[in-house]
Amino acid sequence: MIFLSFLPELNIPGLKKFDILSDLFQMEETLDMSNLLADASSGGITDDTGHISDSLLPLPKNAPVYSGAPIEDFSTELNGLANLSRAIKLSEHKKRPVRIAFLGDSFTEGDILTCHLRDSLQNVFGGSGIGFVPVVTPVKHRINSISDYRNWKVRSIVRPSGSDASKFIINGQYFIPETNAWFSIRATGPFKNSGSWNYTDILFTSSDTVLMDIRINSEKNITHIIPPNEHVQLSSVKYTGSSSVEASLKNIGTTTIYGFYLNDHSGIYVDNFSLRSSSGPNLSLINYNSLAEISELMKYDLIILQYGLNVAEPDRKAYSLYKEKMADIIEKLKHSMPETDIMIMSVSDRSFRGSSGELRTMPGVKSMVSEQRAIAEKTGITFWNTFDAMGGEGSMIEFVKKNSPTATILI
(Lines give C-alpha, C1' and ligand atoms only; values in the text may rest on other atoms or scores of the structure.)
Protein backbone atom coordinates (compact mmCIF):
# COMPACT_ATOMS: atom_id res chain seq x y z
CA MET A 1 0.00 0.00 0.00
CA ILE A 2 2.77 2.41 0.81
CA PHE A 3 5.77 2.87 -1.48
CA LEU A 4 9.22 4.33 -1.70
CA SER A 5 10.15 6.75 -4.45
CA PHE A 6 13.46 8.40 -5.21
CA LEU A 7 13.51 11.75 -7.03
CA PRO A 8 17.04 13.02 -7.76
CA GLU A 9 15.84 15.61 -10.29
CA LEU A 10 14.77 18.14 -7.65
CA ASN A 11 17.52 20.74 -7.26
CA ILE A 12 16.13 22.97 -4.50
CA PRO A 13 18.86 23.15 -1.81
CA GLY A 14 17.92 21.27 1.31
CA LEU A 15 14.81 19.70 -0.18
CA LYS A 16 14.39 16.33 -1.81
CA LYS A 17 11.52 13.97 -2.50
CA PHE A 18 11.55 10.50 -1.03
CA ASP A 19 7.91 9.60 -0.66
CA ILE A 20 8.23 6.79 1.87
CA LEU A 21 4.57 6.87 2.93
CA SER A 22 2.93 8.31 -0.13
CA ASP A 23 0.27 5.88 -1.16
CA LEU A 24 -1.16 5.94 2.34
CA PHE A 25 -2.82 9.04 0.95
CA GLN A 26 -3.49 7.69 -2.53
CA MET A 27 -5.75 4.75 -1.75
CA GLU A 28 -7.56 4.89 -5.09
CA GLU A 29 -4.97 3.02 -7.13
CA THR A 30 -2.66 0.09 -6.61
CA LEU A 31 0.93 0.87 -7.53
CA ASP A 32 3.41 -1.50 -9.14
CA MET A 33 6.20 -1.81 -6.60
CA SER A 34 8.47 -3.56 -9.12
CA ASN A 35 8.93 -0.25 -10.94
CA LEU A 36 10.64 1.24 -7.91
CA LEU A 37 13.64 -1.05 -7.68
CA ALA A 38 16.46 1.26 -8.68
CA ASP A 39 19.26 0.26 -11.01
CA ALA A 40 21.85 2.25 -9.10
CA SER A 41 25.58 1.92 -9.48
CA SER A 42 26.56 4.12 -6.55
CA GLY A 43 25.36 5.07 -3.10
CA GLY A 44 24.01 8.39 -4.38
CA ILE A 45 23.68 10.73 -7.33
CA THR A 46 26.99 12.01 -8.67
CA ASP A 47 27.23 15.61 -9.86
CA ASP A 48 29.57 17.02 -12.53
CA THR A 49 32.52 17.01 -10.13
CA GLY A 50 32.09 13.36 -9.25
CA HIS A 51 30.86 14.25 -5.75
CA ILE A 52 27.98 12.17 -4.43
CA SER A 53 25.53 15.00 -3.73
CA ASP A 54 22.35 13.04 -3.07
CA SER A 55 21.81 10.01 -0.90
CA LEU A 56 18.85 8.72 -2.87
CA LEU A 57 18.69 6.13 -5.61
CA PRO A 58 17.18 7.17 -8.96
CA LEU A 59 13.51 6.62 -9.78
CA PRO A 60 12.57 5.09 -13.14
CA LYS A 61 10.76 7.66 -15.27
CA ASN A 62 7.68 5.47 -15.67
CA ALA A 63 7.22 4.97 -11.93
CA PRO A 64 4.10 6.48 -10.35
CA VAL A 65 4.88 9.44 -8.10
CA TYR A 66 2.96 11.16 -5.35
CA SER A 67 4.03 14.80 -5.23
CA GLY A 68 2.15 16.08 -2.21
CA ALA A 69 4.77 16.00 0.52
CA PRO A 70 8.47 15.53 -0.21
CA ILE A 71 10.97 14.54 2.41
CA GLU A 72 13.08 17.51 3.39
CA ASP A 73 16.78 16.89 3.92
CA PHE A 74 18.52 19.25 6.35
CA SER A 75 21.82 17.37 6.44
CA THR A 76 24.91 19.40 5.58
CA GLU A 77 25.81 17.36 2.51
CA LEU A 78 22.20 16.57 1.53
CA ASN A 79 22.93 12.92 2.27
CA GLY A 80 20.46 12.36 5.08
CA LEU A 81 19.47 8.95 3.74
CA ALA A 82 22.87 7.77 2.53
CA ASN A 83 23.11 4.92 5.04
CA LEU A 84 19.70 3.58 4.03
CA SER A 85 20.59 3.82 0.35
CA ARG A 86 23.91 2.05 0.92
CA ALA A 87 22.22 -0.72 2.89
CA ILE A 88 19.68 -1.29 0.12
CA LYS A 89 22.56 -1.77 -2.31
CA LEU A 90 24.20 -4.29 0.00
CA SER A 91 20.93 -6.17 0.43
CA GLU A 92 20.76 -6.74 -3.32
CA HIS A 93 23.80 -8.97 -2.87
CA LYS A 94 22.30 -10.52 0.29
CA LYS A 95 25.18 -9.29 2.40
CA ARG A 96 22.85 -8.32 5.22
CA PRO A 97 19.23 -7.24 5.80
CA VAL A 98 18.07 -3.63 5.73
CA ARG A 99 16.39 -2.48 8.95
CA ILE A 100 14.18 0.50 9.68
CA ALA A 101 13.22 1.26 13.29
CA PHE A 102 9.86 3.00 13.58
CA LEU A 103 9.62 4.66 17.00
CA GLY A 104 6.29 6.20 17.85
CA ASP A 105 3.11 6.31 19.90
CA SER A 106 -0.30 4.67 19.41
CA PHE A 107 -0.46 6.13 15.88
CA THR A 108 1.17 2.85 14.76
CA GLU A 109 -0.08 0.60 17.55
CA GLY A 110 -1.05 -2.87 16.40
CA ASP A 111 1.31 -2.50 13.44
CA ILE A 112 -1.06 -0.01 11.78
CA LEU A 113 0.70 1.73 8.88
CA THR A 114 4.02 -0.03 9.51
CA CYS A 115 2.65 -3.36 8.30
CA HIS A 116 1.79 -1.78 4.93
CA LEU A 117 5.16 -0.10 4.65
CA ARG A 118 6.98 -3.33 5.54
CA ASP A 119 5.01 -5.47 3.09
CA SER A 120 5.42 -3.01 0.22
CA LEU A 121 9.16 -2.70 0.74
CA GLN A 122 9.51 -6.47 0.98
CA ASN A 123 7.70 -6.81 -2.34
CA VAL A 124 10.64 -4.93 -3.85
CA PHE A 125 13.67 -5.75 -1.75
CA GLY A 126 12.75 -9.16 -0.32
CA GLY A 127 12.39 -10.42 3.21
CA SER A 128 9.59 -12.12 5.08
CA GLY A 129 8.09 -12.12 8.53
CA ILE A 130 6.65 -9.58 10.94
CA GLY A 131 9.91 -8.20 12.25
CA PHE A 132 10.14 -7.20 15.90
CA VAL A 133 7.27 -8.04 18.26
CA PRO A 134 7.17 -7.24 21.99
CA VAL A 135 6.23 -9.91 24.53
CA VAL A 136 3.40 -7.88 26.06
CA THR A 137 1.28 -5.47 24.04
CA PRO A 138 -2.05 -3.72 24.70
CA VAL A 139 -3.17 -4.86 21.25
CA LYS A 140 -3.11 -8.65 20.99
CA HIS A 141 -4.88 -8.66 17.63
CA ARG A 142 -2.58 -6.85 15.24
CA ILE A 143 -3.28 -6.40 11.55
CA ASN A 144 -0.93 -9.24 10.67
CA SER A 145 -0.80 -11.41 13.80
CA ILE A 146 -2.47 -12.52 17.01
CA SER A 147 -0.40 -12.81 20.17
CA ASP A 148 -0.99 -13.89 23.74
CA TYR A 149 1.05 -14.03 26.93
CA ARG A 150 0.92 -14.68 30.66
CA ASN A 151 3.10 -14.18 33.72
CA TRP A 152 5.32 -11.29 32.61
CA LYS A 153 6.19 -8.03 34.34
CA VAL A 154 6.36 -4.98 32.07
CA ARG A 155 8.86 -2.15 32.47
CA SER A 156 8.51 0.87 30.18
CA ILE A 157 9.90 4.35 29.67
CA VAL A 158 6.29 5.57 29.65
CA ARG A 159 5.80 4.40 33.24
CA PRO A 160 9.36 3.92 34.50
CA SER A 161 8.61 3.51 38.21
CA GLY A 162 10.34 0.39 39.55
CA SER A 163 12.45 -0.04 36.40
CA ASP A 164 16.17 -0.50 35.98
CA ALA A 165 16.90 2.39 33.62
CA SER A 166 20.15 0.78 32.49
CA LYS A 167 18.07 -1.93 30.76
CA PHE A 168 16.06 0.37 28.51
CA ILE A 169 17.13 0.03 24.88
CA ILE A 170 15.75 1.27 21.57
CA ASN A 171 12.31 -0.34 21.96
CA GLY A 172 11.73 1.53 25.24
CA GLN A 173 10.55 -1.43 27.31
CA TYR A 174 11.61 -4.80 28.70
CA PHE A 175 9.86 -7.82 30.15
CA ILE A 176 10.68 -9.88 33.23
CA PRO A 177 9.43 -13.49 33.26
CA GLU A 178 7.65 -14.89 36.28
CA THR A 179 6.94 -18.55 37.05
CA ASN A 180 5.36 -20.31 34.05
CA ALA A 181 5.96 -17.32 31.78
CA TRP A 182 4.55 -18.00 28.33
CA PHE A 183 4.24 -16.17 25.00
CA SER A 184 2.66 -17.04 21.66
CA ILE A 185 2.16 -15.40 18.29
CA ARG A 186 0.78 -16.55 14.95
CA ALA A 187 0.65 -14.82 11.60
CA THR A 188 -2.71 -13.70 10.22
CA GLY A 189 -4.04 -11.16 7.74
CA PRO A 190 -3.70 -10.39 4.05
CA PHE A 191 0.00 -9.55 3.82
CA LYS A 192 1.80 -12.33 2.03
CA ASN A 193 5.27 -11.37 3.25
CA SER A 194 4.23 -11.48 6.91
CA GLY A 195 2.77 -14.97 6.70
CA SER A 196 5.95 -16.90 7.44
CA TRP A 197 9.58 -16.53 8.43
CA ASN A 198 12.64 -18.74 8.83
CA TYR A 199 14.28 -17.34 11.97
CA THR A 200 12.89 -16.57 15.42
CA ASP A 201 15.49 -14.36 17.09
CA ILE A 202 15.19 -13.69 20.83
CA LEU A 203 16.54 -10.37 22.14
CA PHE A 204 17.58 -10.77 25.78
CA THR A 205 20.02 -10.36 28.63
CA SER A 206 20.64 -12.92 31.36
CA SER A 207 23.38 -13.78 33.82
CA ASP A 208 22.06 -17.37 34.00
CA THR A 209 21.57 -20.11 31.46
CA VAL A 210 17.92 -20.17 30.42
CA LEU A 211 15.96 -23.10 29.05
CA MET A 212 13.11 -22.11 26.76
CA ASP A 213 10.62 -24.59 25.32
CA ILE A 214 9.69 -23.43 21.82
CA ARG A 215 6.89 -24.89 19.72
CA ILE A 216 6.74 -23.88 16.06
CA ASN A 217 3.70 -24.32 13.82
CA SER A 218 2.12 -26.52 16.52
CA GLU A 219 4.33 -29.38 15.37
CA LYS A 220 8.00 -28.78 16.09
CA ASN A 221 9.14 -28.82 19.73
CA ILE A 222 12.55 -27.41 20.59
CA THR A 223 14.27 -27.01 23.94
CA HIS A 224 16.31 -23.90 23.28
CA ILE A 225 19.27 -23.12 25.50
CA ILE A 226 19.96 -19.41 25.97
CA PRO A 227 23.53 -18.95 27.21
CA PRO A 228 24.27 -16.44 29.96
CA ASN A 229 25.30 -12.96 28.87
CA GLU A 230 24.71 -9.74 30.76
CA HIS A 231 25.02 -7.73 27.55
CA VAL A 232 22.14 -7.45 25.09
CA GLN A 233 22.26 -10.54 22.89
CA LEU A 234 20.36 -12.43 20.20
CA SER A 235 19.65 -16.14 20.33
CA SER A 236 18.35 -17.61 17.10
CA VAL A 237 16.04 -20.53 16.32
CA LYS A 238 15.88 -21.54 12.65
CA TYR A 239 12.81 -23.29 11.27
CA THR A 240 11.91 -22.81 7.62
CA GLY A 241 8.34 -21.72 7.05
CA SER A 242 7.53 -20.71 10.62
CA SER A 243 4.09 -19.12 10.93
CA SER A 244 3.48 -19.47 14.65
CA VAL A 245 5.66 -19.61 17.75
CA GLU A 246 4.98 -20.51 21.37
CA ALA A 247 7.68 -19.99 23.99
CA SER A 248 7.70 -20.90 27.68
CA LEU A 249 10.56 -20.52 30.14
CA LYS A 250 11.53 -23.58 32.17
CA ASN A 251 13.67 -21.53 34.53
CA ILE A 252 13.52 -17.80 35.14
CA GLY A 253 16.92 -16.87 36.53
CA THR A 254 17.81 -13.23 35.99
CA THR A 255 16.45 -13.10 32.46
CA THR A 256 15.23 -9.97 30.73
CA ILE A 257 13.45 -10.42 27.41
CA TYR A 258 13.02 -7.46 25.05
CA GLY A 259 11.07 -9.21 22.33
CA PHE A 260 11.24 -11.52 19.34
CA TYR A 261 12.34 -10.85 15.77
CA LEU A 262 10.29 -12.98 13.38
CA ASN A 263 12.21 -12.64 10.13
CA ASP A 264 14.76 -13.88 7.64
CA HIS A 265 18.37 -12.74 7.61
CA SER A 266 18.08 -10.99 4.25
CA GLY A 267 15.70 -8.49 2.66
CA ILE A 268 14.21 -5.44 4.39
CA TYR A 269 12.37 -5.01 7.70
CA VAL A 270 10.38 -2.28 9.42
CA ASP A 271 10.42 -2.89 13.17
CA ASN A 272 7.51 -1.27 15.00
CA PHE A 273 8.56 0.12 18.40
CA SER A 274 5.30 1.90 19.22
CA LEU A 275 4.49 2.75 22.83
CA ARG A 276 1.03 3.91 23.81
CA SER A 277 1.04 7.36 25.48
CA SER A 278 4.66 7.98 24.55
CA SER A 279 5.44 11.63 23.87
CA GLY A 280 8.99 11.41 22.51
CA PRO A 281 10.99 13.14 25.27
CA ASN A 282 10.76 10.00 27.43
CA LEU A 283 13.29 8.48 25.01
CA SER A 284 15.79 10.29 27.23
CA LEU A 285 15.44 7.31 29.62
CA ILE A 286 17.06 4.94 27.12
CA ASN A 287 20.53 3.66 27.98
CA TYR A 288 22.32 5.17 25.01
CA ASN A 289 25.49 3.23 25.79
CA SER A 290 23.58 0.06 24.93
CA LEU A 291 22.68 1.28 21.44
CA ALA A 292 26.14 0.44 20.17
CA GLU A 293 25.47 -3.18 21.19
CA ILE A 294 22.14 -3.10 19.37
CA SER A 295 23.89 -1.73 16.29
CA GLU A 296 26.20 -4.73 16.28
CA LEU A 297 23.32 -7.19 16.64
CA MET A 298 20.62 -5.62 14.49
CA LYS A 299 22.08 -2.95 12.27
CA TYR A 300 19.50 -0.20 11.85
CA ASP A 301 19.88 1.93 8.73
CA LEU A 302 17.04 4.37 9.42
CA ILE A 303 15.18 5.49 12.52
CA ILE A 304 11.80 7.16 11.99
CA LEU A 305 10.57 9.25 14.93
CA GLN A 306 6.78 9.62 14.94
CA TYR A 307 5.66 11.57 18.00
CA GLY A 308 3.81 14.73 18.97
CA LEU A 309 0.08 13.99 19.05
CA ASN A 310 0.28 13.27 22.79
CA VAL A 311 1.90 16.66 23.32
CA ALA A 312 -0.17 18.86 21.01
CA GLU A 313 -2.79 21.08 22.70
CA PRO A 314 -5.66 22.95 21.01
CA ASP A 315 -4.35 26.51 21.15
CA ARG A 316 -0.71 26.07 22.02
CA LYS A 317 1.58 28.03 19.71
CA ALA A 318 5.02 27.08 21.00
CA TYR A 319 6.67 23.88 22.17
CA SER A 320 10.12 25.19 23.04
CA LEU A 321 10.79 22.68 25.84
CA TYR A 322 9.65 19.79 23.64
CA LYS A 323 11.88 21.08 20.85
CA GLU A 324 14.88 21.28 23.17
CA LYS A 325 14.37 17.77 24.58
CA MET A 326 13.81 16.12 21.21
CA ALA A 327 16.84 17.83 19.68
CA ASP A 328 18.95 16.54 22.57
CA ILE A 329 17.60 12.99 22.07
CA ILE A 330 18.37 13.10 18.35
CA GLU A 331 21.94 14.22 19.03
CA LYS A 332 22.34 11.29 21.42
CA LEU A 333 20.98 8.90 18.80
CA LYS A 334 23.37 10.30 16.20
CA HIS A 335 26.30 9.91 18.58
CA SER A 336 25.35 6.36 19.64
CA MET A 337 24.38 5.16 16.15
CA PRO A 338 26.50 7.21 13.73
CA GLU A 339 25.80 4.93 10.76
CA THR A 340 22.03 5.24 11.12
CA ASP A 341 19.94 7.85 9.32
CA ILE A 342 17.20 9.62 11.28
CA MET A 343 13.91 11.06 10.07
CA ILE A 344 11.16 12.96 11.86
CA MET A 345 7.65 12.13 10.70
CA SER A 346 5.45 15.03 11.75
CA VAL A 347 2.08 14.83 13.45
CA SER A 348 -0.95 14.26 11.27
CA ASP A 349 -4.02 16.46 11.17
CA ARG A 350 -6.13 16.28 14.32
CA SER A 351 -9.58 17.73 14.84
CA PHE A 352 -11.35 19.21 17.85
CA ARG A 353 -14.65 20.99 18.49
CA GLY A 354 -14.50 24.75 18.61
CA SER A 355 -16.58 26.93 20.89
CA SER A 356 -19.53 26.79 18.52
CA GLY A 357 -19.37 23.01 18.23
CA GLU A 358 -17.84 22.79 14.77
CA LEU A 359 -15.03 20.36 14.01
CA ARG A 360 -11.81 21.95 12.81
CA THR A 361 -8.06 21.40 12.81
CA MET A 362 -6.47 21.88 16.21
CA PRO A 363 -4.26 25.00 15.86
CA GLY A 364 -1.68 23.45 18.15
CA VAL A 365 -1.08 20.72 15.57
CA LYS A 366 0.17 23.23 12.99
CA SER A 367 2.47 24.71 15.62
CA MET A 368 3.80 21.24 16.41
CA VAL A 369 4.54 20.56 12.72
CA SER A 370 6.57 23.78 12.57
CA GLU A 371 8.50 22.84 15.70
CA GLN A 372 9.22 19.36 14.37
CA ARG A 373 10.57 20.78 11.12
CA ALA A 374 12.72 23.16 13.17
CA ILE A 375 14.06 20.21 15.19
CA ALA A 376 15.05 18.42 11.97
CA GLU A 377 16.74 21.55 10.65
CA LYS A 378 18.61 22.14 13.91
CA THR A 379 19.88 18.57 14.11
CA GLY A 380 20.59 18.14 10.39
CA ILE A 381 18.28 15.19 9.70
CA THR A 382 15.37 14.50 7.33
CA PHE A 383 11.75 15.50 7.83
CA TRP A 384 8.45 14.30 6.36
CA ASN A 385 5.29 16.38 6.77
CA THR A 386 2.43 13.97 7.49
CA PHE A 387 0.04 16.89 7.96
CA ASP A 388 0.67 18.19 4.43
CA ALA A 389 0.58 14.69 2.96
CA MET A 390 -2.93 14.22 4.34
CA GLY A 391 -4.05 17.40 2.66
CA GLY A 392 -3.37 19.97 5.35
CA GLU A 393 -5.93 21.82 7.41
CA GLY A 394 -9.29 20.08 7.69
CA SER A 395 -8.06 16.90 6.01
CA MET A 396 -9.00 14.64 8.92
CA ILE A 397 -12.58 15.85 8.69
CA GLU A 398 -12.61 15.12 4.97
CA PHE A 399 -11.17 11.66 5.54
CA VAL A 400 -14.00 10.87 7.95
CA LYS A 401 -16.67 12.33 5.63
CA LYS A 402 -15.45 10.15 2.78
CA ASN A 403 -15.39 7.12 5.07
CA SER A 404 -11.79 6.69 3.96
CA PRO A 405 -10.09 3.51 5.21
CA THR A 406 -7.12 5.72 5.96
CA ALA A 407 -9.17 7.67 8.51
CA THR A 408 -9.25 4.64 10.77
CA ILE A 409 -5.46 4.75 10.76
CA LEU A 410 -5.06 8.43 11.46
CA ILE A 411 -7.85 9.33 13.92
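# A guided tour, starting from a ring cluster

Begin by selecting Phe132, Tyr261, Phe273 and Tyr300, which ring pairs link into a cluster. As you look, keep in mind that the model on your screen is a predicted one. Within this cluster, narrow the selection to two rings. By the rule used here for ring pairs, the count comes to six aromatic pairs, and one of them is formed by Phe132 and Phe273, an edge-to-face pair with 4.9 Å from centre to centre and 65° between the planes. This pair links distant parts of the chain, since Phe132 belongs to strand β5 (residues 131-133) and Phe273 to strand β14, 141 residues apart. Are these two residues buried or exposed? Phe132 is buried, and Phe273 is buried too. Now select Phe168 and Tyr174, whose rings form a tilted aromatic pair, 5.4 Å centre to centre with 50° between the planes; both of these residues are buried as well.

**Stepping back to the whole protein**

Show the whole chain as a cartoon, and you can trace eight helices and 19 strands. Of the 411 residues in the protein, buried residues make up 57%. If you consider contacts between residues at least 6 apart in sequence, 76% of them join residues at least 24 apart. On the outside, the protein exposes about 16,900 Å², and carbon and sulfur atoms supply 48% of that area.

**Into the nonpolar cores**

Next, select Leu103, Ile170, Leu283 and Leu305, which touch the most other members among the 71 residues of the largest nonpolar core. Helix α4 gives the most to this core, with six residues. Centre the view on Ile170 and look for its neighbours: leaving aside residues up to four places away in sequence, Ile170 touches Ala101, Leu103, Phe273, Ile286, Leu291, Ile294, Ile303 and Met337. You will recognise Phe273 here from the ring cluster where the tour began. Apart from the largest core lies another, of 25 residues, and to find it you can select some of its members, among them Ala181, Val210, Ile216 and Val237.

**Helix α1 and its surroundings**

Now select residues 82-92, which form helix α1, and colour its buried residues, namely Ala82, Asn83, Leu84, Ser85, Ala87, Ile88 and Ser91. What do these buried residues pack against? Their partners are β4 (98-104), α2 (114-125), β15 (302-306) and β16 (341-345). Just after α1, stop at Lys94, which takes a positive phi of about 55°.

**Following the charges**

Side chains of opposite charge can pair when their charged atoms come close. A search of the whole structure finds ten salt bridges, and a few of them make good stopping points. Select Asp271 and Arg99, whose side chains meet in a salt bridge at 3.1 Å, N to O; Asp271 is in strand β14 (residues 268-274) and Arg99 in strand β4, 172 residues apart, so that the pair links distant parts of the chain. Why does Asp271 count as buried? Asp271 counts as buried because its relative accessibility is 0%, and Arg99 also counts as buried, at 3%.

Move on to Arg276 and Glu109, which form a salt bridge with their closest N and O atoms 2.7 Å apart. Here too the pair links distant parts of the chain, with Arg276 in the loop between β14 and α3 (291-297) and Glu109 in the loop between β4 and α2, 167 residues apart. In this bridge Arg276 counts as partly exposed, at 43% relative accessibility, whereas Glu109, at 13%, counts as buried.

The next pair is Lys299 and Glu339, whose closest N and O atoms are 3.4 Å apart in a salt bridge. Because Lys299 lies in the loop between α3 and β15, and Glu339 in the loop between α4 (320-336) and β16, this pair ties together parts that are 40 residues apart in sequence. Lys299 is buried, with a relative accessible area of 19%. Then select Asp111, Arg118 and Arg142, which salt bridges with shared partners join into one network.

**Last stops: charges over rings, and an exposed histidine**

Select Lys140 with Tyr149, and you will find the charged end of Lys140 over the ring of Tyr149, 4.8 Å from its centre. In a second example, the charged end of Arg150 sits over the ring of Trp182, 4.4 Å from the ring centre.

Finish in helix α4 at His335, which is exposed, with a relative accessible area of 68%. Draw a distance from its C-alpha atom to that of Tyr288, 47 residues apart from His335 along the chain, and the separation is 8.9 Å.

Methods
Residues numbered from 1 in each chain as written. Predicted model: local features only at pLDDT ≥ 70, side-chain atom pairs only at ≥ 80, totals over all residues. Heavy atoms only, no water. Buried < 20%, exposed > 50% of the residue type's maximum accessible area, 1.4 Å probe, protein only. Helix = DSSP H or I, 4+ residues; strand = E, 2+ residues; numbered from the N terminus. Contact = heavy atoms within 4.5 Å. Salt bridge = Lys/Arg side-chain N within 4 Å of Asp/Glu carboxyl O. Areas by Shrake-Rupley, 256 points an atom, 1.4 Å probe, with all protein chains shown as cover. Core = buried A, V, L, I, M, F, W, Y, C linked by side-chain atoms within 4.5 Å. Phe/Tyr/Trp six-rings, centres within 6.5 Å; stacked < 30°, edge-to-face > 60°. Lys NZ or Arg CZ within 6 Å of the ring centre and 35° of its normal.
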